[in-house]
Protein chains: 2
Amino acid sequence: MQRVMNFNPGPAALPRVVLERAHAEWFDFAGTGMSVLENSHRTKPYEAMQDDAAARIAALYNLPSSHTVLFLQGGASMFFAMVPFNAMGGGKRARHVVTGTWGEKAAKEAKTVAKLLGEPDPIVHSTKRSEGWAFASVPAAGTIEASAEDAYVHVTTNETVDGVQYASERGAALPAVKAPLIADMSSDFVSRPLDLGKFACVYAGAQKNAGPSGVTIVVVDKAWAEACRKDIPVIFQFRTAIENRSLYNTPPTLGVYLVREVARWIQESGGLPAMEAMAERKALALYGAIAESRGFYMCPVDEPSRSRMNVVFRLPTPELETAFVKAAESEGMLGLKGHRVVGGIRASIYNAVEEAWVSALVDFMGRFRAQHGH
Amino acid sequence: MQRVMNFNPGPAALPRVVLERAHAEWFDFAGTGMSVLENSHRTKPYEAMQDDAAARIAALYNLPSSHTVLFLQGGASMFFAMVPFNAMGGGKRARHVVTGTWGEKAAKEAKTVAKLLGEPDPIVHSTKRSEGWAFASVPAAGTIEASAEDAYVHVTTNETVDGVQYASERGAALPAVKAPLIADMSSDFVSRPLDLGKFACVYAGAQKNAGPSGVTIVVVDKAWAEACRKDIPVIFQFRTAIENRSLYNTPPTLGVYLVREVARWIQESGGLPAMEAMAERKALALYGAIAESRGFYMCPVDEPSRSRMNVVFRLPTPELETAFVKAAESEGMLGLKGHRVVGGIRASIYNAVEEAWVSALVDFMGRFRAQHGH
């Protein structure tokens, strides 16, 4: 069967071998005589699998023993509320660094939670511009100052809608702060090596690089979680999930299983350095095609902050953008329409997006440009 | 392949035809050339499927147009907190009717939320006993009085751990109250016809009768949801999910797909009346085997409140219970150990548990009893 070339922003392409393995043991998981879907989460085969999933993610990041990996539900949008519920308190001020659409939503939920808890309104550091492409960069290094007296500093490591990413190797470094650092890492989790030990908490909807929708991976500093507030619902508290090894309530069992298989595939493909190298090759090919188009394709994001996960670009007119998406679809390239809020084109090139698909897209971009007189 | 006989309390057995259909279109969902897992939730094929899933559940219940069906995340445990966050306010008092382990947890989270919101402590009506099996009945009809001045009345229609269910046909009726009625229906959703139009809100983790874990089905009165509080995080508000047709954030796409397939299977099997009739036959067979054992098997639940979903019983000693579970496993009957909090034996007999499996269990119960001298 011909696979389509899937550039969806998430849910997104999964590695073929992961789909094949799940298909092969669909009716009989780990010799249990039933589907992984039908196993209780209170059985040894399920628990062993889930522990293995967590261990593989910890191994990918060489995670220090101070931290642990959790499998929860609700997506990043739920953790926009969960994080401040856990981490606000004692009159300390939270800081939200906003570099895109998702970070903006996180900051808004944090304000609501602060009001409910009677805590101070969070400080928002936003790179939003009043005209043109709203978010085009991360803050310059050294501009976010936060002390140990702040509740936390929240960042979004990659902005899926806006195509903005923190990339220290290109000078777009994460803020160096003394306050607990918290990151929504939904769209670049397991895409590159990173010292997660320096974060108090990282959360990521799995449906970009790490698995299907419906499972949220949380990497958390256990001591930090233990110090969080206790007057909130038990289900909200990170410590509940830690104490119960993500089994306080029923986890999304098939989702965890698929995350395990994706983690296995990453390990067998060379780990996070290999994922990063592949992402770099794919991104360079696309940004290269944009650069050599002499303005026909235009990336609105400042160069150091350009995402290696979501490559956004504009064409001279919205009509041409619509034609571009339609013509690409006719060649089997799907999911290229930009987010409805910002428009334009977006090629999401997560781990499982094959390099051959990106080559096909680069080739198509050249032909489409030539057809339109550039 | 020989299927095991799966009596797990949830995640639980799924209908064979549902597993087969998902397997058959695993690599190519609805002609998209990709797995359902790989489709963006912002595409027509996905949205059409999700709308169809909601429509099938509404059709099963003959749901009035005042209500809508939502697909959310977090399981019942998350809604123990979400419900009071939405529904408390204006100094009105909430009432929690507690008939088992899950209802107790719901009441505890509601107390925490009331404190956070500065609302009055909820009133708890509990049937808990100080000795023996803690929960053995639902409240007698007419004993729960609630007026339109109360914030809401919360019930758990079936208690999975304790084997206690509201069953109006046996005299264990749901409270007739003037306040908004809210139900955790996790373990008997889509197991029998019921007028959901009389509930303000029903929520159910799908992993019992309706699908896999990781998707929570919510049926809600739209006008009630619109009147709920607005000073809570956007992601908590039922109105957000209603306005966005469960697509405010990324839904658990594969879970919704499987719920749709289970709903289709129920429709093709005769709808909820057929599910109820089958549940009744399976339950009668097991309760009959208990009754005729002359005390070897003992069901601790009062007869009118005995669950048609989770049949709990004790043996003369804990050692015999352990031997029972082990011997049943050797015959391919899995998941019969009672919940760790209450002990004993529990046979969960949800929709997809085949009648032949229950017959095999009844036969086994007779032989096990004979072997042990009764």
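Here is a short Q and A on how the two domains of chain A meet in this predicted model.

Q: What makes 17-268 and 271-372 domains of chain A?
A: The domain assignment does: 17-268 is listed as domain 1 and 271-372 as domain 2. Their centres, taken over C-alpha atoms, sit 27 Å apart.

Q: How do you know that domain 1 of chain A is in contact with domain 2 of chain A?
A: Contact asks for heavy atoms within 4.5 Å. On that basis 31 residues of domain 1 of chain A pair up against 26 residues of domain 2 of chain A, so the two domains count as being in contact.

Q: How much area do domain 1 and domain 2 of chain A bury between them?
A: About 2400 Å², with 58% of it on carbon and sulfur atoms. On the domain 1 side, A:Trp133, A:Val161 and A:Arg170 lose the most area to domain 2 of chain A, together 26% of what that side buries.

Q: Which kinds of polar link turn up between domain 1 and domain 2 of chain A?
A: The count is 12 residue pairs in polar contact. A salt bridge needs a side-chain nitrogen of Lys or Arg within 4 Å of a carboxyl oxygen of Asp or Glu, and the rule finds zero of those across this interface.

Q: Which element gives the most to the side of domain 1 of chain A that touches domain 2 of chain A?
A: That's helix 7 of chain A, with three residues. As for make-up, the residues on this side of domain 1 split into 14 nonpolar, nine polar and eight charged.

Notes. Residues are numbered from 1 along each chain as its sequence is written. Chains are lettered from A and ligands numbered from 1 in the order in which they are written. This is a predicted model: local features need pLDDT of at least 70, side-chain atom pairs count only at pLDDT 80 or more; totals for chains, interfaces and linings use all residues. Side-chain values use heavy atoms; hydrogens and water are left out. Domain bounds come from an automatic or database domain assignment. Buried area is the accessible area (1.4 Å probe) that two parts lose on being put together, summed over both. A polar contact is a pair of N or O atoms within 3.5 Å; within protein, one must be able to donate a hydrogen and the other to accept it, and residues adjacent in sequence count only if both atoms are side-chain atoms. Helices (H or I, at least four residues) and strands (E, at least two) are DSSP runs, numbered from the N terminus. Ala, Val, Leu, Ile, Met, Phe, Trp, Tyr, Cys and Pro count as nonpolar, Asp, Glu, Lys and Arg as charged, and the others, Gly among them, as polar.
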